[in-house]
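Reader: Could you take me through the open and enclosed spaces in this model, and then pick out a strand and a side chain worth a close look? I'd like one connected walk-through rather than a list.

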Amino acid sequence: MTFEINNIAGREPLVDYPWRTEVDRLLSWLVDKDSHIQAFCFDLVMSSAYIDATAGIEKSIEQCDNIEDKYNAHLGFINLCSPCYTNNETWSYQKAVKPQSGALGKLSSEVILRFIEKLYPQLNEVIAVGGTEAADAVLKHKNGMVILAEVKSAPLLTYPFLFKAPNSCLKGEHEKLIITNSQLRACDSAIFLHSIGPVNLGKVGDDLWPFKPLVDFLIEEVNMPIIQKCINEWLSARDAYSKKDRQNKMYYLANASGSPPKIAKDRDGWPKKESISDSKTSAGMDRTDDIKKGIYQSLKIGTNLKDEPSIKTAIISNLPAYRHGQEYVDPFVDMLWGLDEDISELNGQKGILSNRLRRAFDFIITLEEPILRDINL
């Protein structure tokens, strides 16, 4: 592992993805919006990225008879069918689909880095690194500061997709469709905004599907009343997630909700030992393994750059650790550390000069509630 800044190879976030132009259109619209709206849109982009990066989605789509409008089939990223839950109050199990873990990490990292790059005007450059390099990302601030960062991000809510499949492909309520990829590309589609309902996204095979129609919908002023309802629902989900409030209906639609209530198994046949979504899907940087690795990496970078005061460390995510922050993050926020070799005698007392001390991490850069100390982004 090397810490020679000039030797770290990287790339612009999302440069490998053709739909980056659509994300940039959305980010231009988001620049002056509140942080929770930015975080809500991050979840929408990630849901679109999940379906774009998942191979063979036609094999995982199931018939659902609880969808309003013209749609008759569902695909989601948690094990609970949202239309059945929100429209019919039934707990229908449908196995979640997601990209493979390697692709998933790259996607979530590059999406949040693109958000950071475009939404924070004091940054001159954001470089996605990843792999086995010294850090996941390099940020260059207008004041000359360089920030080496560990990136951990994950959506709070994922939004499922709906399809209008030919009747000949339907095989019964929550049975897998028998449909080819070319048939699916000819189907009408929608993103399902949970209690709000479906938003039409056109044909699956359309250019830059589903990003372009989704961004068109979001930035159209006339849709703002519907979008505001979605944002309010997202805020309710954030509150339910943070407090583990199982009385709030949105709790079970957010990630890391665990197992459904007993009635799901007794009445609706939910399979034993299956959860809706486990703790590995915790929102933002809230997975405890991620917090531990993030702080360790920041400390490691700090040990190598101890004599480089213009180089700082950060953890980057879409959301702070809403559930585990008090226990796992807060004790390190004001912590300073130094090396034994730097201890000297000062006025008859042994100590380390403040300019020889470093923080466990200098910043936590998140869309909501960042820790930025004395810098502006």
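**Pockets, cavities and what surrounds them**

Author: Sure, let's start with the biggest opening. Helix α4 gives the largest share of the lining of the largest pocket, with 9 residues. Keep in mind that this is a predicted model. The pocket in question has a volume of about 1100 Å³, and 50 residues line it. If you want to centre your view, go to Ser101, Leu104, Gly105, Ser108 and Arg287, which lie nearest the middle of that pocket. Besides α4 (101-119), both β5 (146-151) and α9 (288-304) supply at least two residues of the lining. Chemically, the wall is a mix: 18 nonpolar, 17 polar and 15 charged residues.

Now for the second largest pocket, which comes in at about 320 Å³. It has 16 lining residues, and Pro309, Lys312, Leu357, Arg358 and Asp362 are the closest to its centre. Here the split is 6 nonpolar, 1 polar and 9 charged.

On to the enclosed spaces. There are 2 cavities of 30 Å³ or more. The largest cavity holds about 40 Å³ of space, and its walls are His74, Gly76, Phe77, Ile78, Leu80, Ser82, Thr158, Pro160 and His194. That lining breaks down into 4 nonpolar and 5 polar residues, with no charged ones.

The second largest cavity has about 30 Å³. Around it you'll find Glu22, Val23, Leu26, Val45, Phe211, Leu214 and Val215. Two elements, α1 (20-30) and α6 (211-219), each give two or more residues to this lining. By class, it has 6 nonpolar residues, no polar ones and 1 charged.

His194 is a handy link to the strand I'd pick, since that histidine lines the largest cavity and also sits in the turn of the hairpin formed by β7 and β8. There are 5 residues between the two strands, and histidine 194 has a positive phi of about 55°. Strand β7 covers residues 188-192, and 5 of its 5 residues are buried, so the strand is largely enclosed by the rest of the structure. Side chains in a regular strand alternate between the two faces of the sheet. In β7, Asp188, Ala190 and Phe192 point one way while Ser189 and Ile191 point the other way, and all are buried.

What does β7 pair with? Strand β6 (residues 161-164) runs antiparallel to β7, joined by 4 bridges, with lysine 164 partnered by aspartate 188. Strand β8 (residues 198-203) is also antiparallel to β7, and that pairing has 5 bridges. There, alanine 190 stands opposite asparagine 200.

For the side chain, let's go back to α4, the helix that contributes 9 residues to the lining of the largest pocket. Glutamate 110 is found in that helix. Is this residue buried or exposed? Its relative accessible area is 1%, so glutamate 110 counts as buried. A polar atom of the glutamate 110 side chain lies 2.6 Å from the backbone nitrogen of leucine 14. Leaving out residues up to four places away in sequence, glutamate 110 touches Arg11, Glu12, Pro13, Leu14, Val15, Tyr17 and Ala128. Leucine 14 therefore appears both in that contact list and, through its backbone nitrogen, in the 2.6 Å pair with this buried glutamate.

Technical notes. Residues numbered from 1 in each chain as written. Predicted model: local features only at pLDDT ≥ 70, side-chain atom pairs only at ≥ 80, totals over all residues. Heavy atoms only, no water. 1 Å grid on protein atoms, 1.4 Å probe; cavity = no way out; pocket = protein on both sides within 12 Å on 5 of 7 lines; lining within 4 Å. Points joined across faces, edges and corners; volume = space filled by probe spheres on them. Nonpolar A, V, L, I, M, F, W, Y, C, P; charged D, E, K, R; others polar. Buried < 20%, exposed > 50% of the residue type's maximum accessible area, 1.4 Å probe, protein only. Pairing = 2+ DSSP bridges. Polar contact = N/O pair within 3.5 Å; in protein donor to acceptor, adjacent residues only side chain to side chain. Contact = heavy atoms within 4.5 Å.
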